[in-house]
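Welcome, and thanks for taking a look at this one with us. Please have the sequence and the model open side by side as you read.

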Amino acid sequence: MSHCPNWTAPQEFVILGFSGWSQWLRALLFALLLPLYLATLAGNLVILGLALVDAALRTPMYFFLGALSAVEAAYTLVLTPRMLAGFLLPPGGQAVAPSTCAAQMGLFVALGGSECLLLAAMALDRYLAICRPLYYPQLMTRRLCWCLLASCCAGGSVLAIGLTATIFQLPFCHGGVVNHVFCDLPAVLVLACGSRDLQEHVLLVACLLLLVLPLALILLSYTRVLLVILGVGGAAGRRKAFHTVASHLTVAVLHYGCATAMYARPLRSRSLEEDKLASLIYINLTPLLYPAIYTLRNQDVRGALQRALSSWTRGAAHQAGVA
């Protein structure tokens with residue numbers, strides 16, 4: 001690795017965000033994105049709560065769906081509050097310590113990587129349930145579900161530690177101004193001097209391992225599942241299974257599509273301004289679609305939500321009667 005002759009490690013990083021935009025436009029974005037953030041957080045927490053308390057949802061599929069919602073809620077909490085705060089701060093960006101920048105990057109990669117692997121685990125669950133129904137109860141036990149979840153989280157965490165450590169060992173001789181809404185990998189990597197080939201190759205290999213290979217397995221699994229659905233069972237069973245698979249496949253395509261478009265590209269072909277604009281979609285809009293897709297297209301989740309609302313309404317009416 002070649003180092004710049006004169007460089008000092010930045011004492012802080014400045015997350016530029018959209019601080020160069022006009023104040024009224026930043027205030028408008030804050031007013032538009034705050035409700036999306038609250039709706040995303042509420043939607044994922046509702047699905048997680050239903051998966052935990054509703055007896056009808058205590059199956060492997062909803063175990064993974066609850067875990068996915070927990071990861072999505074954490075992902076939203078890591079990125080969105082700081083981005084929203086940036087809309088209200090004076091121009092100049094948000095100053096953060098290098099350790100804070102590294103922690104934000106690491107959490108983002110860990111949660112995003114865990115979600116990629118969780119989506120693959122959900123595809124495996126649907127494949128076994130529909131293509132191997134006789135062996136499914138013996139194969140997809142509660143213990144295996146927890147082992148798969150732990151493996152997904154461990155895989156995302158190991159990747160996050162490796163990538164973050166690899167990037168932050170570089171000398172940052174191009175200042176500490178991060179032209180993004182958070183400490184994203186490419187936005188920090190362009191601040192480094194010397195050869196970035198190793199780090200860029202590591203990033204591309206990570207994309208291959210976390211995006212291309214799992215997505216290929218997911219598409220193969222769901223292709224097999226769809227062929228089985230079309231060939232057996234009654235119309236009602238096929239319809240329910242098809243809606244479930246369609247929901248999972250839609251979320252997988254959205255997640256992997258956004259991630260591949262953002263990270264499976266070399267640095268020299270990037271525009272950080274375009275990446276920053278695209279982050280408004282994959283940080284705010286895409287996560288909102290996940291709970292909407294699962295609740296609107298899934299009869300079991302809708303039924304659990306109706307039962308929870310009915311129980312809450314009866315409880316509130318009883319309390320009012322007692323008072």
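How many salt bridges does the structure hold? There are 3 salt bridges, and we will visit each of them below. Keep in mind that this is a predicted model.

## Overall fold

The protein contains 10 helices and 3 strands. Followed along the sequence, these elements come in the order β-α-α-β-α-α-α-β-α-α-α-α-α. Of its 323 residues, 46% count as buried.

## Salt bridges

Let us begin with Arg-307 and Asp-54, whose closest N and O atoms are 3.0 Å apart. This salt bridge links distant parts of the chain, 253 residues apart: Arg-307 sits in helix H10 (residues 299-322), and Asp-54 in the loop between helix H1 (23-53) and H2. Arg-307 is partly exposed because its relative accessibility is 41%. Asp-54, with a relative accessible area of 10%, is buried.

Helix H9 holds another pair, Lys-276 and Glu-273, placed 3 residues apart, about one turn of the helix. Their closest N and O atoms are 3.6 Å apart. Is Lys-276 buried or exposed? Lys-276 is buried, since its relative accessible area is 3%, under the 20% limit. Glu-273, in turn, counts as partly exposed at 42% relative accessibility. The remaining salt bridge joins Arg-126 to Asp-125, with the closest N and O atoms 2.9 Å apart, and both of these residues are buried.

## Cavities

Now for the empty space inside: the model has 5 cavities of 30 Å³ or more. The largest cavity has a volume of about 400 Å³. Its lining counts 26 residues, and those nearest the centre are Phe-108, Gly-112, His-255, Ala-259 and Tyr-263. Helices H2 (60-88), H3 (98-131), H5 (142-168), H7, H8 (235-263) and H9 (272-296) each give two or more residues to this lining. By class, the lining of the largest cavity has 20 nonpolar, 4 polar and 2 charged residues.

The second largest cavity has a volume of about 90 Å³. Its lining is made of 14 residues, with Leu-16, Gly-17, Phe-18, Gly-86 and Gln-94 nearest the centre. H2 provides the largest share of this lining, 3 residues. Here the classes are 8 nonpolar and 6 polar, with no charged residues.

## A nonpolar surface patch

To finish, turn to the outside. Val-205, Leu-208, Leu-209, Val-212 and Leu-213 make up a nonpolar patch on the surface, and together they have about 420 Å² of accessible area. Leu-213 belongs to helix H7 (residues 197-231), and at 45% relative accessibility Leu-213 counts as partly exposed.

Notes. Residues are numbered from 1 along each chain as its sequence is written. This is a predicted model: local features need pLDDT of at least 70, side-chain atom pairs count only at pLDDT 80 or more; totals for chains, interfaces and linings use all residues. Side-chain values use heavy atoms; hydrogens and water are left out. Patches are made of residues with over 30% relative accessible area and no salt bridge: like charges are joined within 9 Å, nonpolar side chains (Val, Leu, Ile, Met, Phe, Trp, Tyr) within 5 Å. Accessible areas come from the Shrake-Rupley method with a 1.4 Å probe; for residues, only the protein chains shown count as cover. A salt bridge is a side-chain nitrogen of Lys or Arg within 4 Å of a carboxyl oxygen of Asp or Glu. Helices (H or I, at least four residues) and strands (E, at least two) are DSSP runs, numbered from the N terminus. Buried means under 20% relative accessible area, exposed over 50%, partly exposed in between (1.4 Å probe, protein chains only). On a 1 Å grid over the protein atoms alone, a cavity is a set of points where a 1.4 Å probe fits but cannot get out, and a pocket is an open set with protein on both sides within 12 Å along at least five of seven lines; lining residues have an atom within 4 Å of a point. Grid points are joined across faces, edges and corners, and a volume is the space filled by probe spheres set on the points. Ala, Val, Leu, Ile, Met, Phe, Trp, Tyr, Cys and Pro count as nonpolar, Asp, Glu, Lys and Arg as charged, and the others, Gly among them, as polar.
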